[in-house]
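User: I've got a new model open on my screen and I'd like to talk it through. Can you take my questions one at a time?

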Amino acid sequence: MKTPDHDRRQLGTGRSPAGTSAFHRMERMPPRLLMLYFGLLGIGVLFAGLVALYVYTRARSGEAPGGHVFPRFFSLSTIVLLVSSLVLGQATRLYRADDLPTLARCLGATLLLASIFCGLQLAGWRELTLQHVLFDDKPSGSFVYFISGVHIAHIVGGMGYLLALLLRTLHAARDGVRTLVFIRNPYRRRQLQAITTYWHFVDAVWVVLFAVFLFLY
């Protein structure tokens, strides 16, 4: 017979007993959350490999840092992305407060900031081309475009998830019954936690990439 504690662990709301092994905790973790963590691990390995190739290419080509002015739009985009992470960080608190209208505005603001980030990244590409740093020119220059483009793709993927969650939140906020169902649904809570974790992770990845570009450019 299942106990209430067992049911809560199945929903991802309970805590595992003290002394439980890491493997046992992974078995009890919701499958989609486990897939998210493995996905983030894969993303981290991907960007670590790209950065390593970029550094290796720069070192092998003998290019000295400081040959060009670093794109200012890359710096602005970094600030925008950090602000988006701070905004989305409020989402869990708003969900717990049953404040769906403000939660919807929070998700919408994050989407807007993400769109601005992507636009600033493209403006940074434009700055590179004006400095005659082209995608098909030096390999190290190509890596800047490629790494930035791959990161933008991950941001856009997160934006799609955010948009879907925003639409569901707006739909639920229009009716008291739907609001109650939305708030009490542990699956919605896990969705919000998943996108928040993903967003913070890709933000941290960009900060590392930005630091590497700034140091080697």
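Here is a run of questions and answers on this predicted model.

User: Let's start with the overall layout. How many helices and strands does the protein chain have?

Analyst: Reading along the sequence, you get the pattern α-α-α-α-α-α-α-α-α. Every element in that pattern is an α. The count for the protein chain is nine helices and zero strands.

User: What share of the contacts between residues at least 6 apart in sequence join residues at least 24 apart?

Analyst: For background, the protein chain has 217 residues, and buried ones make up 40% of them. Taking the contacts between residues at least 6 apart in sequence, the share that joins residues at least 24 apart is 80%.

User: Are helices α4 and α9 roughly parallel or roughly antiparallel to each other?

Analyst: Two packed helices are described by the angle between their axes and the distance between the axes. Here α4 covers residues 72-88 and α9 covers residues 186-216, with axes 10 Å apart and an angle of about 155°. Over 145 degrees counts as roughly antiparallel. So α4 and α9 are roughly antiparallel.

User: What kinds of residues make up the contact of α4 with α9?

Analyst: On the α4 side you'll find Phe 74, Leu 81 and Leu 88, among others, and they meet α9 residues including Trp 199, Asp 203 and Phe 210. Sorted by type, the residues of this contact come out as nine nonpolar, seven polar and one charged.

User: How does α6 run relative to α9, roughly parallel or roughly antiparallel?

Analyst: Helix α6 spans residues 100-130, and it packs with α9 at an angle of about 25°, the axes being 14 Å apart. Angles under 35 degrees count as roughly parallel. That makes α6, relative to α9, roughly parallel.

User: And how many charged residues are in the contact of α6 with α9?

Analyst: Leu 103, Leu 107, Thr 110, Ala 114, Phe 117 and Gln 121 in α6 meet Leu 192, Trp 199 and Trp 206 in α9. The split is seven nonpolar and two polar, and the number of charged residues is zero, in other words no charged.

User: What about His 154, is it buried or exposed?

Analyst: His 154 sits in helix α7, residues 139-173. Leaving aside neighbours within four places in sequence, it touches Ile 43, Leu 46, Phe 47, Tyr 198 and Val 202. The cut-off for buried is under 20% relative accessible area. His 154 has 17% relative accessibility, so it counts as buried.

User: Which residue's backbone oxygen lies 2.8 Å from a polar atom of the side chain of His 154?

Analyst: We're still on His 154 in helix α7. A polar atom of its side chain has a backbone oxygen 2.8 Å away, and that oxygen belongs to Val 150.

User: Which residue has a positive phi although it is not a glycine?

Analyst: Look in the loop between α5 and α6. The residue there is partly exposed, at 36% relative accessibility. Its phi is about 60°, and it is Asp 98.

User: How far apart are the C-alpha atoms of Arg 32 and Arg 190?

Analyst: Arg 32 is in helix α3, residues 31-61. With a relative accessible area of 58%, Arg 32 is exposed. Arg 32 and Arg 190 are 158 residues apart along the chain, and their C-alpha atoms are separated by 9.1 Å.

Conventions. Residues are numbered from 1 along each chain as its sequence is written. This is a predicted model: local features need pLDDT of at least 70, side-chain atom pairs count only at pLDDT 80 or more; totals for chains, interfaces and linings use all residues. Side-chain values use heavy atoms; hydrogens and water are left out. Axes are lines fitted to C-alpha atoms, for helices over the stretch in contact, and angles run from 0 to 180 degrees between N-to-C directions. Helices (H or I, at least four residues) and strands (E, at least two) are DSSP runs, numbered from the N terminus. Angles under 35 degrees count as roughly parallel, over 145 as roughly antiparallel, 65 to 115 as roughly perpendicular and the rest as oblique. Contact means heavy atoms within 4.5 Å. Ala, Val, Leu, Ile, Met, Phe, Trp, Tyr, Cys and Pro count as nonpolar, Asp, Glu, Lys and Arg as charged, and the others, Gly among them, as polar. Buried means under 20% relative accessible area, exposed over 50%, partly exposed in between (1.4 Å probe, protein chains only). A polar contact is a pair of N or O atoms within 3.5 Å; within protein, one must be able to donate a hydrogen and the other to accept it, and residues adjacent in sequence count only if both atoms are side-chain atoms.
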